[in-house]
Every structure is written in structure tokens, then in C-alpha cells.
Amino acid sequence: MAKIIVSNFILFFILLALVHTIKGDTCQEGLGQCGASNDCDLQCKTRHAGQGQGSCDRTIQPPLCTCFYPCGSPSKRPPSPKKCTAGLGACDQCRDLCCNGKCAAQFKGGQGFCDNIGAQYLCQCTYDC
């Protein structure tokens, strides 16, 4: 009886190890703010040799892209440029859309969003330094 319990116990751990090896782990990385259409998924697939799945979380402001990919998959990520931030004053009535436009016009590769600070909405810009 003890031999059966021990052998079943060993078999259980062998199967558990095989499932973990076959399944693999999923890693994730943030890709910044979401853009138009389905660019999160395209950007993720580009960075991880077609093995990634990008997702845009629009439940938060600003909406952010997240890339899910198999850990250890090859990455085509170029070195990340240093990011800088700048404030561009108060947001007007069209909020994120106008703020993003002001940021893109002022900084190469700039992305803007309206940040709620108390009762004030301020235009924040991130761009490559």
C-alpha cells in the first residue's frame, strides 16, 4: 500500500512538471498609451516575433497597452529611448484629443493626455528625449 502511495505521489509531480514545461510561462510588458485601431496587438507581435498578444486597457485614463508573450521568446525590441515629460498647461474642452495634438506638434514622437489634479485638468506630454 505504501509503495502505491509513493509511486502515485512521484507520478503526480512528474505530470505537474510536464504540464508546467508544456504550458510555459507568460510574460508581460507595458507598451505605453494606446493609439488608433489595434496597434497594441501589432506592436506586441512586432516586438516578440509574432508570438505576442497585445491588449489595450481602456478602463483607465489614459488607456494603456500591455503585451503578453511567452517568456523567453525572442524580442526585437530596440533599446528604449529615454522618456521625458512636459506640462503644456490646462486642457481645453476636447481634453485628451487636443492635448495629444498639442504634444505631437511640439515634440517629435510626443503623446499627450489630460491628467486630473484636483479640480484642474492639465495637459501632460511624454516624448523621446
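Good morning. About 170 Å³ of space lies in the second largest pocket of this structure, which is a predicted model. I shall begin with that pocket and then turn to the elements around the chain.

The lining of the second largest pocket consists of Gln33, Cys34, Gly35, Arg58, Pro62, Pro63, Asp96, Asn100, Gln111, Gly112 and Phe113. Helix H3 and strand S5 are the elements that give two or more residues to this lining. The largest share, three residues, comes from S5. By character, the lining residues divide into four nonpolar, five polar and two charged.

Let me now place S5 in its sheet. Strands S4, S6 and S5 form an open sheet of three strands, in the order S4-S6-S5, and the pairing is antiparallel. Which strands stand at the edges? They are S4, residues 83-90, and S5, residues 111-117, each of which pairs on one side only. On average, neighbouring strands of this sheet are turned by 30° against each other, with direction ignored.

The pairing of S5 with strand S6, residues 120-128, is antiparallel and extends over seven bridges. One residue of this pairing is already familiar from the pocket: Phe113 is among the lining residues, and its bridge partner in S6 is Gln124. Helix H3, residues 95-106, packs on the sheet and touches S4, S5 and S6. The direction of H3 makes about 130° with that of S5.

Strand S6 also takes part in an aromatic contact. The structure holds one aromatic pair. Why is this pair classed as stacked? The ring centres of Phe107 and Tyr127 are 4.0 Å apart and the planes lie at 5°, so the pair is stacked; the cut-off for stacking is planes under 30 degrees apart. The pair links distant parts of the chain, with Phe107 in the loop between H3 and S5 and Tyr127 in strand S6, 20 residues apart.

I turn now to the other sheet I wish to describe. Here three strands form an open sheet in the order S1-S3-S2, again with antiparallel pairing. Its edge strands are S1, residues 26-33, and S2, residues 53-57, each pairing on one side only. Neighbouring strands are turned by 25° against each other on average, direction ignored.

Strands S1 and S3, the latter spanning residues 64-70, run antiparallel and are joined by seven bridges. Within S3, Cys65 stands opposite Gly32. Helix H2, residues 39-47, lies across S1, S2 and S3 and runs at about 145° to S2.

That concludes my presentation. Thank you.

How values were computed
Residues numbered from 1 in each chain as written. Predicted model: local features only at pLDDT ≥ 70, side-chain atom pairs only at ≥ 80, totals over all residues. Heavy atoms only, no water. Pairing = 2+ DSSP bridges. Helix = DSSP H or I, 4+ residues; strand = E, 2+ residues; numbered from the N terminus. Axes fitted to C-alpha atoms, helices over the stretch in contact; angles between N-to-C directions. Contact = heavy atoms within 4.5 Å. 1 Å grid on protein atoms, 1.4 Å probe; cavity = no way out; pocket = protein on both sides within 12 Å on 5 of 7 lines; lining within 4 Å. Points joined across faces, edges and corners; volume = space filled by probe spheres on them. Nonpolar A, V, L, I, M, F, W, Y, C, P; charged D, E, K, R; others polar. Phe/Tyr/Trp six-rings, centres within 6.5 Å; stacked < 30°, edge-to-face > 60°.
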